[in-house]
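Q: Could you take me on a close walk through one part of this model, the hairpin shown here, and then follow the chain outward from there?

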Amino acid sequence: MPKVAPELQYSDEHEWVSRGEGNLVSVGISEVATDALGDIVYVDLPEVGSTVTAGATCGEVESTKSVSDLYSPVTGEVTEINDAVVSDPALINNDPYGAGWLFKVAAESEGPLLSAEEYASKNGGDLS
C-alpha cells in the first residue's frame with residue numbers, strides 16, 4: 001500500500017504541498033500517484049517566474065504507462081524547479097516526498113486541500 005506522509009496536505013489530483021518559510025511551498029506528487037503511474041520517464045515543469053493557478057494544469061508527468069497532467073495545488077509565482085527530477089525523473093518514483101519534489105511557489109492562495117488523513121482514506125494510502 002502506498003505511503004501518505006502525515007505532515008503534508010494533498011490535492012484531489014494527487015499533488016502534495018509542504019509549507020516552508022513565509023508563503024513558500026514545495027509541491028510534488030504522492031506515492032499513490034507514482035504507484036499508479038509506474039516508472040516515470042519524463043517530467044515537464046512550469047518555468048521559474050511563471051504564475052501557476054490552483055486547480056489548473058502546469059505541466060506533465062510521463063510514465064511507461066501514460067501521460068498525466070500536473071496540476072498546481074496553489075496559486076502564485078514559481079520560485080524554483082527541481083532540476084534533478086528533470087534530469088532523472090526516476091527520483092520521483094524513488095523518493096516522492098523527499099528528493100522527488102517538483103517545484104516551489106510563493107503562494108498567494110491555495111486550492112482545496114485534503115489533510116493526510118482525508119487523502120489516505122479517500123485513496124487507500126498508508127498513513128505512516
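A: Happy to! Let's start in the hairpin of E3 and E4, where 4 residues sit between the strands and Gly-22 takes a positive phi near 60°. Please keep in mind that this is a predicted model. The two strands of the hairpin, E3 and E4 (residues 24–29), are antiparallel and share 5 bridges. One pair to look for is Trp-16 with Gly-28, its bridge partner in E4.

Now step to the other neighbour of E3. E2 and E3 also pair in the antiparallel sense, here over 2 bridges, and Gln-9 stands opposite Val-17 in E3. E2 and E3 form a hairpin too, again with 4 residues between the strands. Its turn holds His-14, which lies in the loop between E2 and strand E3 (15–19). His-14 deserves a pause: its phi is positive, about 80°, although the residue is not a glycine. Most residues other than glycine have a negative phi. With a relative accessibility of 22%, His-14 counts as partly exposed, because buried would require under 20%.

Zooming out, these strands belong to an open sheet of 6 strands in the order E2-E3-E4-E10-E9-E6, with antiparallel pairing. Its edges are E2 and strand E6 (51–52), each of which pairs on one side only. In general, strands of a sheet pair through backbone hydrogen bonds.

E4 begins at residue 24, and that is also where a UniProt annotation starts: an unreviewed entry lists residues 24–106 as "domain: Lipoyl-binding". Over that stretch the chain is 20% helix and 45% strand, with the end C-alpha atoms 5 Å apart.

A second record concerns Lys-65, which the UniProt annotation "modified residue: N6-lipoyllysine" covers, also from an unreviewed entry. Lys-65 is found in the loop between strand E7 (57–63) and strand E8 (67–71). Is Lys-65 buried or exposed? Lys-65 is exposed, at a relative accessible area of 59%. Leaving aside residues up to four places away in sequence, Lys-65 touches Asp-35, Ala-36, Leu-37 and Gly-38.

Among those contacts, Asp-35, Ala-36 and Leu-37 fall within helix H1 (31–37), and H1 leads us to the last stop, helix H4. The buried residues of H4 pack against H1, and also against strand E1 (3–4), strand E2 (9–10) and strand E11 (126–127). So which residues of H4 are buried? In this helix (residues 116–123), they are Ala-116, Tyr-119 and Ala-120. They lie on the same side of H4, because they cover an arc of only 95° around the axis. An α-helix has 3.6 residues a turn, so residues three or four places apart point the same way. On the face turned away from the buried side of H4, you will find the exposed residues Ser-121 and Lys-122. Just after H4 comes Gly-124, with a positive phi of about 70°.

That brings us back to where we began: E2, which H4 packs against through its buried residues, is the strand that pairs with E3, and E3 in turn pairs with E4.

Conventions. Residues are numbered from 1 along each chain as its sequence is written. This is a predicted model: local features need pLDDT of at least 70, side-chain atom pairs count only at pLDDT 80 or more; totals for chains, interfaces and linings use all residues. Side-chain values use heavy atoms; hydrogens and water are left out. Buried means under 20% relative accessible area, exposed over 50%, partly exposed in between (1.4 Å probe, protein chains only). The arc is that of the directions from the helix axis to the C-beta atoms. Contact means heavy atoms within 4.5 Å. UniProt positions are given in the numbering used here, feature names are shortened, and annotations may be inferred rather than shown by experiment. Two strands pair if DSSP finds at least two bridges between them.
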